[in-house]
Amino acid sequence: MDYKMIHYTVERSIATITLDYAPTLNALDMNMSLEVESALHEAEADQAVKVVVLAGAGRAFSGGGDIRFMKAHCDEPNFAKESMGPLAGKLSEIVLYIKKMSKIVICAVAGACAGGAANLAFACDFIYAADNAKFLQAFVGIGLCPDTGGVYTLPRMIGTHRAFDMFVTGRIVAAQEAYDIGLVKAVTTKEELLPTVYAFAEKLTKGPTLAYRNMKKLMFESMYKGFEEYMKAESVYLGECSSSEDFKEGITAFLEKRPAEFKGK
């Protein structure tokens with residue numbers, strides 16, 4: 001694939017996938033998602049690659065969904081089925097693929113990491129955060145339930161009560177709190193983020209890759225075997241929310257920078 005919204009490089013047995021589309025703050029639209037998916041498949045197929053790093057360029061890892069696109073198209077009769085549904089389905093396929101990859105995937109987060117982008121990060125095997133990183137489940141603010149497998153992965157990382165708090169409040173979890181609750185492996189300065197990630201990745205490239213691959217398989221069997229079945233339910237509930245009046249009010253309020261007036265329908 002000719003990548004236009006990401007960069008893909010391989011060096012010293014480490015593949016790096018960098019989200020880089022400043023006009024939308026690296027939003028996970030369908031085009032971005034297809035490029036990320038393609039790069040992950042490319043890394044998995046490349047025998048020279050032993051570790052994958054996922055990062056974001058610019059001032060954020062990713063702001064999540066493209067709210068302006070949603071606002072422009074949400075009144076179309078089949079928006080939920082033809083736009084939101086396929087995108088959520090593709091993101092679900094990506095996070096499931098990361099969990100099933102034979103190679104360790106490390107996410108490097110600087111700046112905002114919101115909504116589906118946060119859940120993409122949570123699908124990775126390790127997360128490193130810059131001290132300016134901010135994680136948030138932004139869905140509640142626009143009247144949606146979480147997508148990208150978040151309600152499956154996040155409680156398994158930090159526990160059900162902490163995860164549900166993030167879902168229902170949409171509050172920002174800053175880098176230090178993320179470390180304290182076990183969401184990230186380490187916090188660094190923004191300048192040291194990628195050097196720290198690459199140092200860890202390079203150490204892993206010298207390890208027993210067969211053992212790592214089997215560890216990932218066992219982790220999937222132990223923790224994520226119900227993931228595929230969960231994705232079917234996620235699709236149904238997200239479709240219901242994305243065709244609601246609350247969703248349209250939520251994205252309108254977000255763009256108008258005012259509190260949303262939800263009606264529960």
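Phe 200 is buried in this predicted model, with a relative accessible area of 16%. The cut-off for burial is under 20%, so Phe 200 falls within that class. Lys 185 lies over the face of the Phe 200 ring. The distance from the ring centre is 4.8 Å.

A search of the whole structure returned nine aromatic pairs. One of these joins Phe 126 and Phe 200. Its geometry is edge-to-face. The centres are 5.1 Å apart, and the planes make an angle of 85 degrees. Phe 126 belongs to strand 7 (residues 126-130), whereas Phe 200 belongs to helix 8 (residues 190-205). The pair therefore ties together parts that are 74 residues apart in sequence. Phe 126 has a relative accessibility of 27% and so counts as partly exposed. The pair thus combines a partly exposed ring, Phe 126, with a buried ring, Phe 200.

A further aromatic pair is formed by Phe 227 and Tyr 230. This pair is tilted. The centre-to-centre distance is 6.4 Å, with 40 degrees between the planes. Pairing requires centres within 6.5 Å, so the 6.4 Å of Phe 227 and Tyr 230 meets the criterion. Both residues lie in helix 10 (residues 227-242). They are three residues apart there, which means a separation of about one helical turn. Phe 227 is buried, at a relative accessible area of 0%. Tyr 230 also counts as buried, at 18%.

Phe 227 and Tyr 230 belong to one aromatic cluster with Tyr 152 and Tyr 224. A charged residue accompanies one member of this cluster: Arg 156 lies over the face of Tyr 152. Its distance from the ring centre is 3.6 Å.

Attention now turns to a lysine. Lys 216 is located in helix 9 (residues 209-224). With a relative accessibility of 8%, Lys 216 counts as buried. The side chains of Lys 216 and Asp 125 are joined by a polar contact of 2.9 Å. Asp 125 is also among the contacts of Lys 216 once neighbours within four places in sequence are set aside. The other contacts are Ile 98, Lys 99, Met 101, Ser 102, Lys 103, Ile 104 and Val 105. Lys 216 and Ser 102 are 114 residues apart in sequence. In space, their C-alpha atoms are 6.9 Å apart.

Technical notes: Residues are numbered from 1 along each chain as its sequence is written. This is a predicted model: local features need pLDDT of at least 70, side-chain atom pairs count only at pLDDT 80 or more; totals for chains, interfaces and linings use all residues. Side-chain values use heavy atoms; hydrogens and water are left out. Rings of Phe, Tyr and Trp (its six-membered ring) pair if their centres lie within 6.5 Å; planes under 30 degrees apart count as stacked, over 60 as edge-to-face and the rest as tilted. Helices (H or I, at least four residues) and strands (E, at least two) are DSSP runs, numbered from the N terminus. Buried means under 20% relative accessible area, exposed over 50%, partly exposed in between (1.4 Å probe, protein chains only). A charge sits over a ring if NZ of Lys or CZ of Arg is within 6 Å of the ring centre and within 35 degrees of the ring normal. Contact means heavy atoms within 4.5 Å. A polar contact is a pair of N or O atoms within 3.5 Å; within protein, one must be able to donate a hydrogen and the other to accept it, and residues adjacent in sequence count only if both atoms are side-chain atoms.
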